[in-house]
Amino acid sequence: MSGIYIHIPFCKQACHYCDFHFSTSLAKKEAMLSALCKELELRKSEFKNEVVQTIYFGGGTPSVLETKEIEQILEVVYDNFQVTKNPEITLEANPDDLTTEKLEQLHASDINRLSIGVQSFFEEDLKLMNRAHSSRQAHQSLKEATNLFDNISIDLIYGMPNMTKERWLQNIEKALSYGIPHISSYALTVEPKTALANFIKKGQLPPLDETLAQEHFFILKERLEAEGFIGYEVSNFGKPNYFSKNNTAYWLGKKYMGIGPSAHSYDGRNRSWNVANNPKYLKGIEAEELPAEIEKLTITDSYNEYVMTGLRTIWGVSLEKIQSEYGDVYYQYIVNQSKKHISEGLIKREKDVLLVTPKGDFLTDGIASDLFMVKLD
């Protein structure tokens, strides 16, 4: 199983918390679309023996593209790669782009999954984040999208300044009222050089409250699980048969190809990433030179990544896999390092699999870093 991720580096405006790579100018849109298609053609040999099962349009804001432009990219994928009969094809979209006409066009295309960036149903939250859409557009887009698409995910952000537990619960209830089968939810984080970091530094916003964020997380988990959702990864909750195949493949260490500026790829041994600069990316592709850096993963790198991704999921970390793929030193190390967390009730060991407990859920990244091997090879 493998997947193709296509990064669309355009947004209408910059959200205050975002540090992803994008441009708010569409002046180079045609050149970028041509380059994305050309990169797909240049890299088809990388997936010569692979069957593509997921195609994911991320960004940026892929929904700023016209549907016919999305279809042109998909045509190039189908022309150059072996694609499974019923692939999961996801489009990240913002509510303000999902007009009735746009939704009908997308429904008629090969897109069969929408990931809608709602973030909050409250106007004050959306203004604080500098989102391009309004609360009304969030509701309207879901009302119409659910009539056309079965497989819909929405994003919600918690832990925002001045967001009470009551308002957070109301956000969850509003999402549930649309009967959507998947919710991705993230704690607001302060990334360097973002507007949010600047506001907090200047005292215009209070520092983020990690205790409140943790309370929000447990409210989310309890409420969604009561509705039949499964928290299959720390930030992702899906009804049975509605887990994101794209994201699941990433967490399970499958191969994926990232197309576009700043996009990452993984071939099972090496990780690579394209330059996060639109002009440099366009120039490189035009010269048929892939503008990417490659990192050869050491055994220790690979072990650490497996521990990090495994602990975040319901599949956990297989001690049998640690022993067979990384050797006895790594096996003994993780068994010894995990003892403290097991005694504290943050991890449990079931049939040679290490799993984070509900008590440890919000602390997963810290637990994982404690199990990392610092340096061996």
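**Helix α3, aromatic pairs and a three-stranded sheet**

Visitor: What covers the buried residues of α3?
Guide: In this predicted model, the cover includes α2 (67–80), β3 (82–93), β4 (113–119) and α5 (135–148). The buried residues of α3 (100–108) are K102, L103 and L106.

Visitor: What makes the buried residues of α3 line one face of the helix?
Guide: Viewed down the axis of α3, they fall within an arc of 100°, so they line one face. The face turned away from that buried side carries the exposed residues E101 and A108.

Visitor: Why is the pair of F47 and F81 called edge-to-face?
Guide: Edge-to-face requires planes over 60 degrees apart, and centres must lie within 6.5 Å for rings to pair. The planes of F47 and F81 stand at 85° with the centres 6.2 Å apart, so the pair is edge-to-face. The two residues are 34 residues apart in the chain.

Visitor: Why does F47 count as buried?
Guide: Buried means under 20% relative accessible area; F47 has 6%, so it counts as buried.

Visitor: Why is F218 called partly exposed?
Guide: Partly exposed lies between the limits of 20% and 50%. F218 has a relative accessibility of 30%, so it is partly exposed.

Visitor: How do you know that β13 and β14 stand at the edges of their sheet?
Guide: The open sheet has the order β13-β15-β14, with antiparallel pairing. β13 (317–318) and β14 (347–350) each have a single partner strand, so one side of each is left without a neighbour in the sheet. Helix α13 (328–343) packs on this sheet, touching β13, β14 and β15.

Methods. Residues numbered from 1 in each chain as written. Predicted model: local features only at pLDDT ≥ 70, side-chain atom pairs only at ≥ 80, totals over all residues. Heavy atoms only, no water. Buried < 20%, exposed > 50% of the residue type's maximum accessible area, 1.4 Å probe, protein only. Helix = DSSP H or I, 4+ residues; strand = E, 2+ residues; numbered from the N terminus. Arc of directions from axis to C-beta. Contact = heavy atoms within 4.5 Å. Pairing = 2+ DSSP bridges. Axes fitted to C-alpha atoms, helices over the stretch in contact; angles between N-to-C directions. Phe/Tyr/Trp six-rings, centres within 6.5 Å; stacked < 30°, edge-to-face > 60°.
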